Amino acid sequence: MHIPNKTQRMDYNHQEIEKKWQKYWSENKTFHVEIDHKKPKYYVLDMFPYPSGAGLHVGHPLGYIASDIYSRYKKHLGFNVLHPMGYDAYGLPAEQYAIQTGTHPAVTTEKNIKRYREQMDRIGFSYDWDRQVQTCDPDYYKWTQWTFIQLFKSWYNKKTDKAEGIDKLIELFGEEGNGNLEAACSQEEVFSADEWKQMNEKQQQEVLMNYRLAYLSNTMVNWCPALGTVLANDEVKDGFSERGGHPVERKLMKQWSLRISAYAQRLLDGLEKIDWFESLKEVQRNWIGRSEGASVEFNLEGFDDVIVVFTTRPDTLWGATFMVLAPEHELVEKITSEDRKSKIGKYVNWAKNRSERDRISEVNKITGEFTGAYGINPVNGKKIPIWVADYVLSGYGTGAIMAVPAHDSRDFKFARHFNIPIVQVVKKEGEEESDPQTWDDSYDAKEGVMINSGFITGMNVEEGIKATIKWLEENELGEGRINYRLRDAIFSRQRYWGEPFPIYYKDGMPYPLDESELPLRLPDVDKYLPTESGEPPLARAKDWKTKEGYPLETNTMPGFAGSSGYYLRYMDPKNQNEYFSKEANEYWRNVDLYLGGDEHGTGHLIYARFWNMFLYDLGRVCEEEPFKKLINQGKIQGRSSFVYRLNYEKYAEHLIWEAIKDKKLGVEFVRDFKDGHRQFDFYSREAGLILEIKSQKNLEKLAHYYKPYAREKNVRFLFIPLYDIKENVDHVVNRIKEAIKADDLEINFEHEIKKINPVFVSKDVKELIQFTTPIHVDINLVENDILNIEAFKKWRPEFADAEFIMKDDKYVCGWEVEKMSKSKHNVQNPDELIEKYGADTFRLYEMFLGPLETHKPWDTQGIEGVYRFIRKLWRLYFDKDNNLNISEDQPTKDELKVLHKTIQKVRNDIERFSFNTVVSAFMICVNELTDLKCNKRDILEPLLVLLSPYAPHTAEELWSKLGHRPSIAIIAFPDYKEEYIKENTFEYPVSFNGKLRFKLELPLDISKEDAEKAVLQAEGAQKWLAGKQPKKIIFVPKRIINVVV
RNA sequence: GCCCGGAUGGUGGAAUUGGUAGACACGUUGGACUUAAAAUCCAAUGGCCAGCAAUGGCCGUGCGGGUUCAAGUCCCGCUCCGGGUACCA
């Protein structure tokens, strides 16, 4: 019978405490926040989670815990902290599930959100849940649609370097046409005011479309037939969809795009103003991909057309020996000579239909065709051939290049492959010109001296570039130009579960809905699939048209639409009249600290900055950059456990071989004997005997098969069932002995079929591990790398009769760090841990694991240490009968020193987001206070405030036990006092020639001379001086003393 | 290929500006308490060598060089691992 006794009673009851305080915070709205002009604001934001069906695993809350600690800390410092949470609720998984089951994605999403919320609530976050937003809520997406309309009604004026209303552009067109305009656009034709006025409405709309920041155009897209949708570049991985892994092909389609390229330079410049990791800024810089160079016009022989190329190296023009057009280039067909038409046609067709995947896997394959046409090199009038090749991309620059094989590795390879001349135009300083025919690779010289280059010969590269651009501009053959890699963002998805576009079509042209009609609600459909004619799911909706009967847009917006401006809506989430009020925006301004994963570096973090800059141009937001400081939290990886399943056939062969090798049975055997395509386990020529080890099932088949072979070759077979070896190896060896002696042995097979139970070998049984296959085992069945055998047998029916080979009665599992995933059985779910150890322990442990930003493996074992710490802390406040035991006495010097040392460390480390070392500091503090047997109120009270951001439930509970009301969350963070920490002496490490030899305690204010004297007189010094005079003594106050002998 | 990040005990990690390498914790081993277990507490714990012992010595932060009185930290050259990106003219 189980008799509970006193010592078994729970002293620290986390389950009760945590429930109590979570309820308290929620009922008292402790973390509800409103604009308060008396307090400074601080905005802490976590990246919007997509609520997946699997719920949270221990990796997800890492960033949330860190941001929660920081938020609570800032609140203790007196800031008015905005710390909201919401959901990026549109997403493919819910839609995919809808397609499969017919469940409306809203239902699935709602369910998942509920689960997320429950899990988050149990961790004790200080979110202001009154501000929660979710992207699929019409009250929210109304403003996503609203922003889209503003984008549609805007164009980018390069002269003012900002977005302006399209009305102003229409006015300008009426006054002076587009000749004087500097705009970010896709308009090529120049027209006058009169020409503009003569256009009909449709024509005018078509022109305007080339200027709008949200525009419709034919775009080469990543079309995924299996999903029936277009994917963004970052949703495609190696030619397959990132979600689902379906093949993706290139296709020309009419799509909405956002003219984000207009903001390329501002997005680049803005990086200088924000406090992000340099590496992340670098990722964005690369993505924006600014390159400076020149556009150069090449005339064509026999045509009036001009081919414009972009080059970063105009100085190498004299080395341009051919040109290359992208297969999609508009002039390809026109300039191809008659005799080459079929070849070029074939090539272009092949290249266009090549999937992204083929291109990637065949990067090094050089392909191309000569068009038969020639361009004229503008600097020297030389005729150079024009080729078509798919290494030139239609989407970058002008889709045409001048090729300088001597100084560009791709051009070099191409020229070599097709035997095109190579001319050197740059040489290294101090080196001589050499014959490019002898080169192995191009000389991609960013520095050097120009040669063979007309009037720039002798200049260095930098001067050459400048001089060439100047010459091109003077002769109207080109101009200096800056190019960006950043492409406009495709904004259409052929999907159901997304924001509908607030757009209708009249005469085939798109028009925005009136703002009063927003939100345009997502309609119901009978199926979540494209229509038979290939239209998006919204085409299935009944009456999908305006009041006037105009058809509405059937595409929906992509995932990043809703997440690009959510941080703004949090400022004023319930506002029915506008996105957010001016007052709210001017108070909260932008996000002070943004926490999230680094996978958003080129997606969300660029789109959101663009979105914000646009609203800034409109005058709606007061800060140009949305996220002042950003930290990427590292991923928590899984720690997989393995059991080792014995490959019995391998092992049995090994056992038999050990018994028969080296003539142990009197005759020579060979292993893995081959005869033609046949292979046998063991063969003895002497005995004319073949041994085969097999499972019963296979033996039956083989017996039949080998009979003719045995007769033909005059050999005998002995078939050995695995089961027999497992039962008794000696018996089997005896049978082999008999078989060797016997002269006439029929193919021997007569066994009832017996099942062999799976056998698992403990990792420390080293001699057997080589015969095993590792299998992932559920980490919940393993504790401290020791397998729970009973639980393992129940885990899967096929393991019910498993047998184990162990040492010391323990089954030791192996482990490896891998991605956390269901299939690897290494997913750790926070709920179980919180149940067992409590949210405070969980929070502390997630932080204790290591630096926030590094990737680190999850190891449940270590959580015990943090749990012990919390209970040890608890015991500072209570006696062994769990009665509060607090002394009102004055603290001692030592106690004050421990406290203030901790305050200093905790404050310091949190400011540099070093949460793991803060937890260590708490442990050291509690260890030291325990050693001092300290129970003084003046020490233990401030300690709780320090701890409260990290372990808020425990801190609240103890705070209230100490007699305080209400919440500890608003108590001022303690300051440390230098006087308590200050020491009078320091124990100097004394080294000789850099090697630590002994320690010496000296007063802090000692002079250099006195210190030197003290060292030389010190007890240990003589030994190391060995009678010699020291050459030099280095004395670094409060650090070290080093004697050089 | 290019760009970025990293490598410290059996494990996670600490060492903030070059100044006592391995804090704190896990694990392991031994001990105390207990009928027993759990919990708790105490001690040891980078490697090698010498010694009965206290103790002492040598080596040691991926590898090879360098700068310095002093290097995990700075410089040069590599190796390996992780991530991003991909014909960007």
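1. Start with the surface near RNA strand B, where "near" is used for a residue with a heavy atom within 4 Å of the strand. Helix H30 (residues 915-931) gives the most to this surface, with six residues. Helices here are DSSP runs of H or I with at least four residues, strands are runs of E with at least two, and both are numbered from the N terminus.

2. Before going on, a word on what you're looking at: this is a predicted model, in which local features need pLDDT of at least 70 and side-chain atom pairs count only at pLDDT 80 or more, while totals for chains, interfaces and linings use all residues. Residues are numbered from 1 along each chain as its sequence is written, chains are lettered from A and ligands numbered from 1 in the order in which they are written, and side-chain values use heavy atoms, with hydrogens and water left out.

3. How confident is the predictor? pLDDT is its confidence in each residue, from 0 to 100. Chain A averages 87, and 95% of the residues score at least 70. Residues 1-9 are the stretch to read with care: their pLDDT is below 50, and beyond near neighbours in sequence they have four contacts in the model (a contact being heavy atoms within 4.5 Å).

4. Back to the RNA. There are 52 residues around RNA strand B, and Thr-312, Arg-410, Leu-849, Arg-868 and Asn-1042 come nearest. Of the strand's atoms that come within 4 Å of the protein, sugar and phosphate account for 59%. By class, the surface has 19 nonpolar, 15 polar and 18 charged residues. In that tally Ala, Val, Leu, Ile, Met, Phe, Trp, Tyr, Cys and Pro count as nonpolar, Asp, Glu, Lys and Arg as charged, and the others, Gly among them, as polar.

5. Which side chains make polar contacts with the RNA? A polar contact is a pair of N or O atoms within 3.5 Å. Asn-927 has a polar side-chain atom 2.9 Å from a phosphate oxygen of RNA strand B. Two others reach bases: an N or O atom in the side chain of Lys-999 is 2.7 Å from a base oxygen, and a polar side-chain atom of Arg-1039 lies 2.9 Å from a base oxygen.

6. Now the sheets. Strands of a sheet pair through backbone hydrogen bonds, either parallel or antiparallel; here two strands pair if DSSP finds at least two bridges between them. One open sheet has four strands in the order E7-E6-E10-E20, with antiparallel pairing. Strand E7 (229-231) and strand E20 (489-490) are at the edges with a single partner strand each, so one side of each has no neighbour in the sheet.

7. In that sheet, strand E6 (residues 214-224) and strand E10 (residues 249-258) are joined by ten bridges. Tyr-215 stands opposite Ser-257, and Ser-217 stands opposite Gln-255. E10 also runs antiparallel to E20, with two bridges between them; there Ser-257 stands opposite Ile-490.

8. Another open sheet of four strands runs E26-E27-E28-E29, and its pairing is mixed. Which strands stand at the edges? They are E26 (670-675) and E29 (716-721), each with a single partner strand, so one side of each is left without a neighbour in the sheet. From one strand to the next, the twist averages 40 degrees; angles run from 0 to 180 degrees between N-to-C directions, with axes fitted to C-alpha atoms, for helices over the stretch in contact.

9. Look closer at the pairs. E26 and E27 are antiparallel over five bridges, with Asp-675 partnered by Arg-678. The two form a hairpin with two residues between them, and Gly-676 in the turn has a positive phi of about 60 degrees. Three bridges join E27 (residues 678-684) to E28 (residues 689-694), also antiparallel, and Phe-682 stands opposite Leu-691.

10. Two helices lie across this sheet. Helix H20 (residues 648-660) crosses E26, E27 and E28, at about 150 degrees to E28. Helix H23 (residues 729-741) lies across E28 and E29, at about 175 degrees to E29.

11. Finally, some backbone oddities. Most residues other than glycine have a negative phi, and most peptide bonds are trans. Leu-518 and Pro-519 are joined by a cis peptide bond, with omega about -5 degrees; Pro-519 sits in the loop between strand E22 (509-512) and helix H16 (559-563). Arg-965 and Pro-966 are joined by a cis bond too, with omega about -10 degrees. Asp-507, in the loop between strand E21 (503-506) and E22, has a positive phi near 55 degrees.

Notes:
Polar contact = N/O pair within 3.5 Å; in protein donor to acceptor, adjacent residues only side chain to side chain. pLDDT = per-residue confidence, 0-100.
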